[in-house]
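Please have a look at the protein below and turn it around a few times. Then let's walk through some of its features together.

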Amino acid sequence: MNDHHADRTATTRTTVEELLAEPALESIVGYVPGGFDMLHIGHLNILRASRKLCTTLIAGVATDESLIRMKNRAPIVPHAERMELVRSLSFVDGVIADHDQDKRVAWEEVHFDVLFKGDDWKGTEKGARLEAELAEVGARVVYLPYTKSTSSTMLRKFLAHEIAERDVALTGAGAAREEA
């Protein structure tokens with residue numbers, strides 16, 4: 001654990017302003033966990049914003065199995081491909097497989113100082129649990145603006161709708177041909 005964790009209070013929630021106001025540290029390892037399914041602007045926004053607040057940025061790409069456990073559905077893009085997409089981003093220094101919702105597991109591998117999360121988690125039960133778990137290992141949670149205009153869930157719903165409409169159109173066209 002880094003020495004600068006020793007003087008942390010029980011809370012691990014830090015605002016961006018507080019993080020920026022801290023005296024410069026030798027290094028700050030930042031961690032952004034996520035599914036990164038159908039990589040989109042929301043993913044890029046949180047990764048770019050995180051990069052500005054740390055010296056080393058590690059992205060934790062959730063495994064297919066962990067996403068199935070968490071969301072009860074498989075991702076659209078396989079884990080190896082999601083890892084490669086995130087790894088190719090110039091502002092990401094490293095990528096690891098994230099196997100568990102408990103981020104202390106990822107901390108054991110990376111020993112990050114700050115976990116960055118979308119502010120849609122701020123003030124929620126899952127956000128409070130995340131803050132408490134990371135307090136145990138001396139890491140902090142910094143909430144960054146969540147991009148409301150695009151999400152993997154939104155893209156998944158759009159694709160499902162488009163595929164359903166296409167299937168109806170194809171089925172209808174096929175039935176019309178059979179009648180002729």
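In this predicted model, M38 is a buried residue, because its relative accessible area is 13% and buried means under 20%. M38 sits in the loop that links β2 (29-34) to α2 (41-51). What is the phi of M38, which is not a glycine? It is positive, at about 50 degrees.

**Two residues with a positive phi**

- Here is some background for M38: most residues other than glycine have a negative phi.
- H111 is not a glycine either, and its phi is positive too, at about 55 degrees.
- You can find H111 in the loop between α5 (103-110) and β5 (114-118).
- Is H111 buried or partly exposed? H111 counts as partly exposed because its relative accessibility is 36%, and that class runs from the buried limit of 20% up to 50%.

**Strand β2, just before the loop of M38**

- Six of the six residues of β2 are buried, so this strand is mostly covered.
- V29, Y31 and P33 point one way from β2, while G30, V32 and G34 point the other way.
- Residues on both of these sides of β2 are buried.

**The neighbours of β2**

- Which way do β2 and β3 (residues 56-62) pair? They pair in the parallel sense, over six bridges.
- Within this pairing, look for P33, which stands opposite G60 of β3.
- To get from β2 to β3, the chain passes through α2, and this β-α-β crossover is right-handed.
- β2 also pairs with β5 in the parallel sense, over two bridges.
- In β5, the residue opposite Y31 is L115.

**The whole chain**

- How many helices and strands does the protein chain have? There are seven helices and six strands.
- Along the sequence, they follow the pattern β-α-β-α-β-α-α-β-α-β-α-β-α.
- The protein chain has 180 residues, and 43% of them count as buried.
- Take the contacts between residues at least 6 apart in sequence: 76% of them join residues at least 24 apart.
- The protein chain exposes about 10,200 Å², and 55% of that area comes from carbon and sulfur atoms.

Key: Residues numbered from 1 in each chain as written. Predicted model: local features only at pLDDT ≥ 70, side-chain atom pairs only at ≥ 80, totals over all residues. Heavy atoms only, no water. Helix = DSSP H or I, 4+ residues; strand = E, 2+ residues; numbered from the N terminus. Buried < 20%, exposed > 50% of the residue type's maximum accessible area, 1.4 Å probe, protein only. Contact = heavy atoms within 4.5 Å. Areas by Shrake-Rupley, 256 points an atom, 1.4 Å probe, with all protein chains shown as cover. Pairing = 2+ DSSP bridges. Right-handed = clockwise from strand over helix to strand, strands pointing away.
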